[in-house]
Amino acid sequence: LDFKWAWTFSLLHGGLWGLVSFPVFATMCVTLTIAAACLALIAPAACGSGIPHIKAVLNGIRVPGALAVRTLLVKFFGITLVVASGLPAGREGPMVQIGT
């Protein structure tokens, strides 16, 4: 995470490289966003905040894949990529699902 900001800062203060710093930064953010979106294909149960899934499980409704290891891993890497890309994301919901 610090690498992205340090690299962008050095590009901004690098003379001619300052012109390409925004496209480089935007490309990194879009790439991380696409990677986070692709994780939803691996584990569809990881989509969303996770709180409705956990409420359903606590109410006795079986939600396929809500408490699977695959969902845990995808949720962990997905929220990491979303936060690293700079997208607004509440961390409370995913952390509730990861914590169960």
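**Notebook: cysteines, helices and a nonpolar patch**

Entry 1. I began with Cys-38, which has a relative accessibility of 41% and therefore counts as partly exposed. The threshold for exposed is over 50% and that for buried is under 20%, so a value of 41% falls in between. I note here that the model is predicted. I then looked up Cys-29, which is buried, with a relative accessible area of 15%. My search for disulfides covered the whole structure and found zero.

Entry 2. I next recorded the confidence of the prediction. The average pLDDT of the protein is 75, and 80% of the residues score at least 70. Which element has the lowest mean pLDDT? I found that it is helix α5, residues 92-99, with a mean of 58. At the other end stands helix α3, residues 51-58, which has the highest mean among the elements, 80.

Entry 3. I listed the secondary structure. How many helices and how many strands does the protein have? I counted five helices and zero strands. Read from the N terminus on, the order of the elements is α-α-α-α-α. I also noted the share of buried residues: 28% of the 100 residues of the protein.

Entry 4. I turned to helix α1, which spans residues 2-12. Its buried residues are Lys-4, Thr-8 and Leu-11. Viewed down the axis of α1, these buried residues fall within an arc of 60°, so they line one face of the helix. I then looked at the face of α1 turned away from the buried side, and there I found the exposed residues Asp-2, Phe-3 and Phe-9. Two phenylalanines, Phe-3 and Phe-9, are thus among the exposed residues of that face.

Entry 5. I repeated the examination for α3. Which residues of α3 are buried? I recorded His-53, Ile-54 and Ala-56. They lie on the same side of α3, because they cover an arc of only 160° around the axis. The face turned away from this buried side carries the exposed residues Pro-52, Lys-55 and Leu-58. After α3 comes Gly-60, and I noted that its phi is positive, near 90°.

Entry 6. I took a separate look at Ala-56, a residue of helix α3. Why does Ala-56 count as buried? Its relative accessibility is 16%, and the limit for buried is under 20%, so Ala-56 meets it. I also looked up its separation from Ala-66: the two are ten residues apart in sequence, and their C-alpha atoms are 9.5 Å apart in space.

Entry 7. I then examined the surface. Which residues make the nonpolar surface patch of about 480 Å²? I listed Val-69, Leu-72, Leu-73, Phe-76 and Phe-77. I located Leu-72 in helix α4, residues 69-85. With a relative accessible area of 35%, Leu-72 is partly exposed. Phe-77 also belongs to helix α4, and at 46% relative accessibility Phe-77 counts as partly exposed.

Entry 8. Last, I compared positions in sequence and in space for Phe-77. How far apart are Phe-77 and Ala-35, C-alpha to C-alpha? I recorded 9.6 Å in space, against 42 residues in sequence.

Key
Residues numbered from 1 in each chain as written. Predicted model: local features only at pLDDT ≥ 70, side-chain atom pairs only at ≥ 80, totals over all residues. Heavy atoms only, no water. pLDDT = per-residue confidence, 0-100. Helix = DSSP H or I, 4+ residues; strand = E, 2+ residues; numbered from the N terminus. Disulfide = S-S within 2.5 Å. Buried < 20%, exposed > 50% of the residue type's maximum accessible area, 1.4 Å probe, protein only. Arc of directions from axis to C-beta. Patch = residues over 30% accessible without salt bridge, like charges linked within 9 Å, V, L, I, M, F, W, Y side chains within 5 Å. Areas by Shrake-Rupley, 256 points an atom, 1.4 Å probe, with all protein chains shown as cover. Salt bridge = Lys/Arg side-chain N within 4 Å of Asp/Glu carboxyl O.
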